[in-house]
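Dear colleague,

I am passing a structure on to you, and it appears directly below. My notes on what was found in it follow.

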Amino acid sequence: MGEPWVNHPSWEIVGEASEAADRDIADLLLHADADTLKETRNSQIATFVLSMVMLEAVSRIGVEATGFAGHSLGEYSALTAEGTLELNDAVSLVVERGNAMQAAADEQSGTMSAILGLDDDKVESACVRVSGDVWVANYNAPGQVVIAGDPDAIAEASAIAKELGAKRAMPLPVGGAFHTPFMAPARDRLSKALDQIEFRAPGNVVYANVDASG
């Protein structure tokens, strides 16, 4: 996952993040197998730190952003890129977020699947027609909607979506049903962590996930 960046000067970010997280993130980025990275406690911090390495690399060549946005975990990257969050604080939050979501996923097995080539309302209909727990999790783009929930319910909803005209139902290699009620146990734990972090007032626009306002 991190091999292309290991000899880049921006790789120094990995050392800083490892110290803040109190774990060897370099080993995670360079040696973890797919099953290890699938665990959300690993995938979240690995993805965040690598995004910070890339940001540092872009900054080194003089590229500056005038606005920032990121989806889900990416919102932490956006806030850090803007300077609203210090790197060490962001690492701590991402670690806690990953651990909280891992605990929720361990409590309730779940997964996600991308439905391709089907209108939003028909994807919603496929989920409603299933008796098990399955919801629309992300409206990524026209013709690409992610559903999440119980694995059996996901399989059933995916089959219905294909009957309704979906071009493909693509299972995602994730460790839980994110962006669904299955993640509710993580909310209180993460809220406590957020309350302990200082957020600076943004100097540039940061577009929020909730309503896309800046």
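Helix 1 and helix 6 are oblique to each other, because their angle falls in none of the other classes (under 35 degrees is roughly parallel, over 145 roughly antiparallel, 65 to 115 roughly perpendicular). Here helices (H or I, at least four residues) and strands (E, at least two) are DSSP runs numbered from the N terminus. Please note that this is a predicted model, in which local features need pLDDT of at least 70 and side-chain atom pairs count only at pLDDT 80 or more, while totals for chains, interfaces and linings use all residues. Residues are numbered from 1 along each chain as its sequence is written, and side-chain values use heavy atoms, with hydrogens and water left out.

The helix pair

Helix 1 covers residues 12-21 and helix 6 covers residues 87-107; they pack at about 60 degrees, with their axes 9 Å apart. Axes are lines fitted to C-alpha atoms (for helices, over the stretch in contact), and angles run from 0 to 180 degrees between N-to-C directions. On the side of helix 1, the contact (heavy atoms within 4.5 Å) is made by Ile13, Glu16, Ala17, Ala20 and Ala21. Helix 6 contributes Leu87, Asn88, Val91, Ser92 and Val95.

The sheet

How are the strands of the open sheet ordered? The sheet has 4 strands in the order 3-4-2-5, and their pairing (at least two DSSP bridges between two strands) is antiparallel. Strand 3 and strand 5 are the edge strands, each pairing on one side only. From one strand to the next, the twist averages 25 degrees. Helix 7 (residues 120-128) packs on this sheet and touches strand 2, strand 3 and strand 4; the direction of helix 7 makes about 165 degrees with that of strand 3.

Taking the pairs in turn, strand 3 is joined to strand 4 (residues 144-149) by 6 bridges in the antiparallel sense. Within strand 4, Val146 is the bridge partner of Asn138. The hairpin formed by strand 3 and strand 4 has 2 residues between the strands, and in that hairpin Gly143 adopts a positive phi near 85 degrees. Strand 2 and strand 4 also run antiparallel and are joined by 6 bridges. Met112 has Ala148 as its bridge partner in strand 4, and Ile115 has Val145. On the way to the other edge, strand 2 pairs with strand 5 in the antiparallel sense over 5 bridges, where Pro171 of strand 5 is the bridge partner of Ser113.

Burial in the sheet

Burial is judged by relative accessible area (buried under 20%, exposed over 50%, partly exposed in between; 1.4 Å probe, protein chains only). Strand 2 is largely enclosed by the rest of the structure, because 6 of its 6 residues are buried. Strand 4 is largely enclosed too, since 5 of its 6 residues are buried. In a regular strand, side chains alternate between the two faces of the sheet. For strand 2 both faces are covered: Thr111, Ser113 and Ile115 are buried on one side, and Met112, Ala114 and Leu116 on the other.

The aromatic pair

Rings of Phe, Tyr and Trp (its six-membered ring) pair if their centres lie within 6.5 Å; planes under 30 degrees apart are stacked, over 60 edge-to-face and the rest tilted. By this rule there is 1 aromatic pair. The ring centres of Trp135 and Phe182 are 5.3 Å apart and their planes stand at 85 degrees, so the pair is edge-to-face. Trp135 belongs to strand 3 (residues 134-141) and Phe182 to the loop between strand 5 (168-172) and helix 9 (184-195), so the pair ties together parts that are 47 residues apart in sequence. Trp135 is partly exposed at 27% relative accessibility, whereas Phe182, at 9%, is buried.

Two serines

Ser158 is part of helix 8 (residues 151-163) and is buried, with a relative accessible area of 9%. Apart from its neighbours within four places in sequence, Ser158 is in contact with Ser113, Ile115, Ile147 and Ala169. Ser51 lies in helix 4 (residues 40-60) and is partly exposed, at 23% relative accessible area. Ser51 and Pro202 are separated by 151 residues in sequence and by 19 Å in space, C-alpha to C-alpha.

With kind regards
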